[in-house]
Amino acid sequence: MIDKVNGSISFDHENVVLKPNMSIDSFKKTSLYHGGNFEPNYPLKDIKSIGNKEFHITVYFNNDKLKEVHLYEANEKNSWGEWSEESELKTKKNHDDWLMSILGSPPYEYPWGQVGSVFDRKALISSIMVIFN
């Protein structure tokens, strides 16, 4: 779940929490880290459940601090051959609906940062971005 008060992201069925400005060393001590480097990001190996929804997750560090977490709905699109703009816009709508159910109405701006749902036409992907100040 994404905590509106402090920005922490907790995973269903796991005792792991991502926190704003978490250090790389702290992240490496969690079960989410499976080796490798962080330049410029670190995609988590496994699909994770947050608020009863399955996501692919990428974390971004800057100056040794967690600055962004990107969530991508894990769905049936397994290859580029199955991708379409229409299906990606449906994914964005799913993201929007999920955020509304856990955070209420946008905008999602907080003292610790912001949360947004976007469709990036250049990258051809929809994601939820949690950005920490």
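1. Two strands are taken to pair if DSSP finds at least two bridges between them, and on that criterion E6 and E9 of this predicted model pair in the antiparallel sense over four bridges. Within this pairing, Val69 stands opposite Val130 in E9.

2. On the strand E5 side, E5 and E6 also pair in the antiparallel sense, here over eight bridges, and Asn62 has Lys65 in E6 as its bridge partner. The two strands form a hairpin with two residues between them, and Asn63 in the turn has a positive phi of about 50°.

3. Strand E5 covers residues 53-62 and includes Lys53, which deserves a separate remark. Lys53 counts as buried because its relative accessible area of 17% falls under the 20% limit. Apart from neighbours within four places in sequence, the residues in contact with Lys53 are Asp12, Lys48, Glu73, Asn94 and Trp98.

4. The largest nonpolar core has 31 residues, and those with the most contacts inside it are Ile2, Leu18, Phe27, Val69 and Val115. Two or more residues are given to this core by each of helix H1 (24-28), E5, strand E6 (65-73), helix H2 (85-103), strand E7 (108-110) and strand E9 (125-132). For Phe27, once neighbours within four places in sequence are left aside, the contacts are Leu18, Met22, Leu32, Tyr33, Phe38, Tyr42, Leu44, Val59 and Phe61.

5. The aromatic residues can be read alongside these contacts, since Phe27, Tyr33, Phe38, Tyr42 and Phe61 form one aromatic cluster. The count of aromatic pairs comes to eleven. Among them is the pair of Phe38 and Phe61, with 5.2 Å centre to centre and 80° between the planes; the pair counts as edge-to-face because that angle of 80° is over 60 degrees. This pair links distant parts of the chain, with Phe38 in the loop between H1 and strand E3 (41-43) and Phe61 in strand E5, 23 residues apart.

6. Are the two rings of this pair on buried or exposed residues? Phe38 counts as buried at 11% relative accessibility, and Phe61 is likewise buried, with a relative accessible area of 11%.

7. A last point concerns Ala123, which lies in the loop between strand E8 (113-120) and E9. Ala123 is partly exposed, because its relative accessible area of 41% lies between the limits of 20% and 50%. Ala123 and Leu32 are 91 residues apart in sequence, and their C-alpha atoms are 25 Å apart in space.

Definitions and conventions. Residues are numbered from 1 along each chain as its sequence is written. This is a predicted model: local features need pLDDT of at least 70, side-chain atom pairs count only at pLDDT 80 or more; totals for chains, interfaces and linings use all residues. Side-chain values use heavy atoms; hydrogens and water are left out. Buried means under 20% relative accessible area, exposed over 50%, partly exposed in between (1.4 Å probe, protein chains only). Contact means heavy atoms within 4.5 Å. A nonpolar core is a set of buried Ala, Val, Leu, Ile, Met, Phe, Trp, Tyr and Cys residues joined through side-chain atoms within 4.5 Å. Rings of Phe, Tyr and Trp (its six-membered ring) pair if their centres lie within 6.5 Å; planes under 30 degrees apart count as stacked, over 60 as edge-to-face and the rest as tilted.
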